[in-house]
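Let's take a friendly walk through the aromatic rings of this protein and see what sits beside them. Have the structure open as you read.

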Amino acid sequence: MNFFKVKERGSDVRTEIFAGLTTFFAMCYIVVVNPSQVAAGGAEGWLAGLGADGTALGQIWNAVYIASILVAIVGTLLMALYAKLPFAQACGMGLNAFFCTTFVSGAFFHGMDVIDGYQSGLVIIFLSGIVFLILSVTGLRKYIATAMPDCLKKAIPAGIGLFIAYIGFQNVGLIQANQYTISQLFDFHGVIAKVGVADETTGAVFTAFDAWKEMAPVVLAIIGLIIIAVLAKKNVKGNVIISIITVSILYYVTTLTVPSFNLGHIGQSFKDFASVGVTGIFHGEAWANAFGGAHIDGVFGAIVLVVTFCLVDMFDTIGTLYGTASQANMLDENGDPIDVDKAMLCDSIGTVTGAVLGTSTCTTFVESAAGVGAGGRTGLASVVTAACFAVCLFLSPVATLIPACATAPALIYVGVLMMKNFAKIDMEDAASAVPAFVALIVMVLSYSISNGIGVGAIAYVLITLFAGNYKKKDIVVTIIAALFVARFLLVTM
């Protein structure tokens, strides 16, 4: 294991394997969620319900399913073998929904074929990936990352920690939507109160077991978090993976749920991938639609979209790298991630590869922090994660066997670990405290790492400028702030 410098980074093979599995379990939902997001739910999704061609949407779903797994394998292996870091890549959440809204459903609402809209979107993603690649090869991406103010460098990991924990709370339903307060804690009393009540439509009586099945994910997630914390307190290695396996077993046993495998449509998925996905950007019509389609506001609209995807992916990746590297104690003397230039090059290659294969923007996944929290310190962990994705290529249900209540505790625990970074910020200095706080809180409340970085950068520039503390080194963060102002004004995400 000299290639990965496992011992040099204070790890061992067993820990790296557990870490790679943990990362996979934490992010494997992307295998089925990404195609559903990009294809608006597929053949029976919401867009098909509005009258869109269900067959075409099904083809897009199948193509993106295969492409999503392939790009996760390629991107994660790049991180493993070139950057030698315990980070995984896959199609970014949020960006995939934006892709659907702009190109797939956007095409339908403008009277275009949804496949044409999908393929025009791949062209935009491809171009944004090329821009990433140029910025990475020239070193500009690394320069932009390292030029961030120290307060934001320290706030980003903490903000990502809260963001990851929030995802965990939501995935399991521990935090729910509320029409009056926006969000609320899971309503245990409301579920219990339904016991013995007959359904108005079917007449079926809601039983105590029905109540348990509703509450089980939340209760088991809490149990999982306690298991992780207790084992961590006792210095038990593999505490996260032990919790994931334990909670998964408890879920299936206590809810009497039987996991199922449906391998029937795998062949069709590969067929649609070959005919619709991987060939997408090679169609001249796709390029014409990318710059002149009814769903895109001409050349200017296309440029804005390329810049938007660049901006969001760049700062999502920068945020993730700072967050996970900080958690792994893999920062240099300046507080920047080691080999950050290699990691960013891997990310940009992943995006270009994803566009060619037929899916939306590939980015370094924030759930990589779950594997880092489990002890992952080298690229060996990423090799294990990539291998798990390879299995999903032919056994799609494998990715869905682990319930959300088993992975949610891992994400919440990562949030606990990463909050320590916020303690390093000078809270007595408003020029540091305010940008750091707004960056942290906006990441969570707007559900976007890049939004948090953007708002934090804007706050930093305005405060230092009007307080008379603006320096020459702040020019880079000023440019970043200006770009985010333009993005907020021109594009809704």
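In this predicted model, K84 sits over the face of F3, 4.1 Å from the centre of the ring. You can find another lysine placed over a ring at F206: here K194 lies over the face, at 4.7 Å from the ring centre.

Now turn to rings that meet other rings. Searching the whole structure gives 13 aromatic pairs. To describe such a pair, one uses the distance of the centres and the angle of the planes.

Start with F98 and F309. Their ring centres are 5.2 Å apart and their planes stand at 40°, so this pair counts as tilted, an angle that is neither under 30 degrees nor over 60. Look at where the two residues come from: F98 belongs to helix α5 (residues 95-109) and F309 to helix α14 (residues 298-327), so the pair ties together parts that lie 211 residues apart in sequence. Both F98 and F309 are buried.

Next to F98 in the numbering is F99, which forms an aromatic pair with Y118. This pair is edge-to-face, with 6.3 Å from centre to centre and 75° between the planes. F99 lies in helix α5 and Y118 in helix α6 (residues 114-137), so the parts tied together here are 19 residues apart in sequence. Are these two residues buried or exposed? F99 has 0% relative accessibility and therefore counts as buried; Y118, at 0% relative accessibility, counts as buried too.

Finally, put the pieces together: F98, F99, F103, Y118 and F309 make up one aromatic cluster.

Terms used:
Residues are numbered from 1 along each chain as its sequence is written. This is a predicted model: local features need pLDDT of at least 70, side-chain atom pairs count only at pLDDT 80 or more; totals for chains, interfaces and linings use all residues. Side-chain values use heavy atoms; hydrogens and water are left out. Rings of Phe, Tyr and Trp (its six-membered ring) pair if their centres lie within 6.5 Å; planes under 30 degrees apart count as stacked, over 60 as edge-to-face and the rest as tilted. Helices (H or I, at least four residues) and strands (E, at least two) are DSSP runs, numbered from the N terminus. Buried means under 20% relative accessible area, exposed over 50%, partly exposed in between (1.4 Å probe, protein chains only). A charge sits over a ring if NZ of Lys or CZ of Arg is within 6 Å of the ring centre and within 35 degrees of the ring normal.
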